[in-house]
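Got the model open in your viewer? Set it to cartoon, keep the selection box handy, and we'll walk through it stop by stop.

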Amino acid sequence: MNEVSKASKEMGKHLSTHFAALAVQIALLCVVFLYIIPVRGIAQELEEFAALRAQQDSVVHSHETHCSRERSRTAWKIIEEYLMPFLEQENYNISRTCRLHPENDMFREQELHKDHLQVNEWQCGFCRKIFISEKLLDQHFDNRHHNLLNISRGRCLADMCGGLHCDVMDKSKALKTKCNPAAADKNRHLCESLANSCFPPKESPSARRLHDFFLRQFCDAHTCKRGSQPFARGSGKTTNLLYYAICILLMMFLPIFYCIVYAHQREMSKNIKNFNFKRIPKMNQKTKSY
């Protein structure tokens, strides 16, 4: 009997430990099951967010690599300074099919929303944020307002830099001393195609005159011959130059004018004092005679 009772007790202990271990395993499986489901959901959300961010970054980088904002800005400066004044003189409006039209610049909308407040203070016209340099504002446009870019085909104004002499305008880049005839011919062909498309000679007398002007102003300089310079007809902004010249002359002559006025007033005050001192003794002599 004692042996049977001992065997039953040992079997009971073994069964209890077995059931306890099984319960612990079941509990662990439940915990793991309940934990894996939300973790997988979070991981899936993180993967989707990373994919979306990579897609956005690829879009931004595609804007940066396919069209240069700096070169487009230089090209527009050339158009604004060396072409637009002559168009205004002829009262001529270029068509939208012309690659030099403002609407064919993918950065034009963003460039118009730049506010240069001070020397180191640039403001975004869309969200009113302020930056210490134009380069940082350009990066802000690429990151936050890239949806406002007109990225349709044929909207990159930087592609016209070869015909517009952007390297001459961009003083930060050193010009090549040795001329490449093949590159000069290619740029000349691009320049002449711009003249033909923007100013068709058969359209009107104004278009014919501007066509010849464009060839002289931009296209004739695309050669390896010495003595040929771009922008041969000048900028056309004579009023601004005259205004600056007058301002400089005024700044030079104003100090001289004030010095003359000051010296004259000082001399007048001395004469008045001397005149008063001469009259005082005579008046005293008259009073004593009486």
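Two strands count as paired if DSSP finds at least two bridges between them. Helices (H or I, at least four residues) and strands (E, at least two) are DSSP runs, numbered from the N terminus. Before you click, note that this is a predicted model, where local features need pLDDT of at least 70, side-chain atom pairs count only at pLDDT 80 or more, and totals for chains, interfaces and linings use all residues. Residues are numbered from 1 along each chain as its sequence is written, and side-chain values use heavy atoms, leaving out hydrogens and water.

**Stop 1: the sheet.** Select Asp-115 and Gln-123: Gln-123, in S2, is the bridge partner of Asp-115. Now show S1 together with S2 (residues 121–124); they pair in the antiparallel sense over 4 bridges. Add S3 and you have an open antiparallel sheet of 3 strands, ordered S1-S2-S3. S1 (114–118) and S3 (130–131) each have a single partner strand, so one side of each is left without a neighbour in the sheet. Next, bring up helix H5 (residues 134–144), which packs on the sheet and touches S1, S2 and S3. Contact here means heavy atoms within 4.5 Å.

**Stop 2: Arg-69.** Jump to helix H2, where Arg-69 is found. Is Arg-69 buried or exposed? Arg-69 is buried, with a relative accessible area of 4%; buried means under 20% and exposed over 50%, with partly exposed in between (1.4 Å probe, protein chains only). Leaving aside neighbours within four places in sequence, its contacts include Glu-111, Asp-138 and Asp-142.

**Stop 3: the largest nonpolar core.** A nonpolar core is a set of buried Ala, Val, Leu, Ile, Met, Phe, Trp, Tyr and Cys residues joined through side-chain atoms within 4.5 Å. This one has 31 residues, and those touching the most other members are Leu-83, Leu-100, Leu-164, Phe-199, Phe-214 and Phe-218. Helix H9 gives the most to this core, with 7 residues. Zoom in on Phe-214: not counting residues up to four places away in sequence, the residues it touches include Leu-83, Cys-191 and Phe-199.

**Stop 4: helix H8.** Colour Ala-184, Cys-191, Leu-194, Ala-195 and Cys-198 of H8, which are buried. Looking down the axis of H8, you'll find its buried residues within an arc of 100°, so they line one face of the helix; the arc is that of the directions from the helix axis to the C-beta atoms. H6 and H9 are among what covers them. On the other side of H8, Ala-182, Asp-185, Lys-186 and His-189 are exposed.

Terms used
Axes fitted to C-alpha atoms, helices over the stretch in contact; angles between N-to-C directions.
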